[in-house]
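Please read the account below with the sequence and the model side by side. It turns to the nucleic acid and then to the cysteines.

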Amino acid sequence: MPEGPSIVILKEAVQEFIGKTVIRAEGNTKAIDLDLFENQTVVDFKSWGKHFLICFEHITVRIHFMLFGSYRINESKGVPPRFSLKFDDGELNFYACSVQLLNGSPDEIYDWSADVMNINWDAESAYLKLAAYPKVLICDALLDQNIFAGVGNIIKNEVLFRTRLHPLNTFSDLPESSKRELIEEAVNYSFDFLRWKKEFTLKKHWLAHAKSICPRDNVPFKKTYPGKTKRRTFYCEICQRFYGSVLPEI
DNA sequence: AGTAGTGTTCGGCC
DNA sequence: TGGCCGAACACTAC
């Protein structure tokens with residue numbers, strides 16, 4: 001569920017609720033006051049990276065699905081929802097997620113140019129952020145939500161494979177063309193992810209993530225937990241190039 | 001049946 | 001003060 005494209009799918013799936021008025025909010029969340037939503041009309045749904053926003057006139061709810069979160073539209077899972085909005089002709093149910101009230105308007109809080117799925121995404125801005133942290137490993141940089149909001153571990157692994165880059169490269173060690181390509185493919189793969197997820201063929205299209213053999217070289221992928229993020233990383237030592245002088249210890 | 005993981009925050013420790 | 005680490009959260013596919 002949780003990477004950026006999945007949140008875009010959710011946003012598209014709930015469009016029918018825009019303009020509808022909440023009869024009552026329920027749920028076992030302790031983070032917000034459920035009474036706030038009674039009689040509030042949904043003005044919009046937004047997303048920023050992995051954040052899903054439900055916008056009312058004066059307040060906005062932020063849902064983050066973390067690793068295990070899920071949702072149901074006009075049905076329920078049969079377990080108590082963390083947060084639920086009841087309308088006279090429908091309902092939205094959210095499970096095992098983080099629920100928060102936004103402390104201000106979305107435009108004040110979010111840098112839309114950092115969201116790889118957003119129309120306002122700005123590759124140049126990402127480039128400047130990466131250049132400002134030249135020593136950060138690219139396996140960590142891809143997961144940095146301030147640079148690539150919406151990119152998660154699957155997208156990370158696939159982007160590194162597509163661009164033939166070793167996860168332990170630093171940004172500054174990359175040739176200029178690879179720097180640009182890394183940023184471009186973070187966006188390209190995110191939109192491929194979106195398309196394949198809608199077709200229910202995402203997994204089938206994985207080339208590196210959770211795979212054991214490199215499809216280019218027919219050798220086993222390395223599986224490690226590198227960098228500060230220590231997230232599961234699959235890479236091929238033959239085709240994914242390292243440009244630094246000394247390969248860092250994992 | 002047990003385990004690992006599409007993620008993030010927080011508190012403790014050095 | 002700050003960086004690092006582990007725990008917590010809570011679900012389910014394999």
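**Contacts with the DNA strand**

In this predicted model, a polar atom in the side chain of Arg82 is placed 3.0 Å from a phosphate oxygen of DNA strand C, where a polar contact is a pair of N or O atoms within 3.5 Å, with further conditions applying to pairs within protein. Lys77 reaches a phosphate oxygen of the strand with a polar side-chain atom at 2.6 Å, and for Lys203 a side-chain N or O atom lies 2.7 Å from a phosphate oxygen of DNA strand C.

These residues belong to a set surrounding DNA strand C that also includes Phe68, Ala96, Lys228 and Lys230, a residue being near a strand if one of its heavy atoms lies within 4 Å of it. By class, this surface has 2 nonpolar, no polar and 5 charged residues, with Ala and Phe among the types counted as nonpolar and Lys and Arg among those counted as charged. Of the strand atoms within 4 Å of the protein, 75% belong to sugar or phosphate, and the rest to bases.

The cysteines can be followed next. A search of the whole structure finds 0 disulfides, a disulfide being a pair of cysteine sulfur atoms within 2.5 Å. Cys97 is in none, since the nearest cysteine sulfur, that of Cys55, is 16 Å away; Cys97 is buried, at 3% relative accessible area, where buried means under 20% (1.4 Å probe, protein chains only). Why does Cys139 form no bond with Cys236? The sulfur of Cys236, the closest cysteine sulfur to that of Cys139, is 16 Å away, which is too far for a bond, and Cys139 is likewise buried, with 0% relative accessibility.

Residues are numbered from 1 along each chain as its sequence is written, and chains are lettered from A and ligands numbered from 1 in the order in which they are written. Local features need pLDDT of at least 70 and side-chain atom pairs count only at pLDDT 80 or more, while totals for chains, interfaces and linings use all residues, and side-chain values use heavy atoms, with hydrogens and water left out.

Methods. Buried means under 20% relative accessible area, exposed over 50%, partly exposed in between (1.4 Å probe, protein chains only). A polar contact is a pair of N or O atoms within 3.5 Å; within protein, one must be able to donate a hydrogen and the other to accept it, and residues adjacent in sequence count only if both atoms are side-chain atoms.
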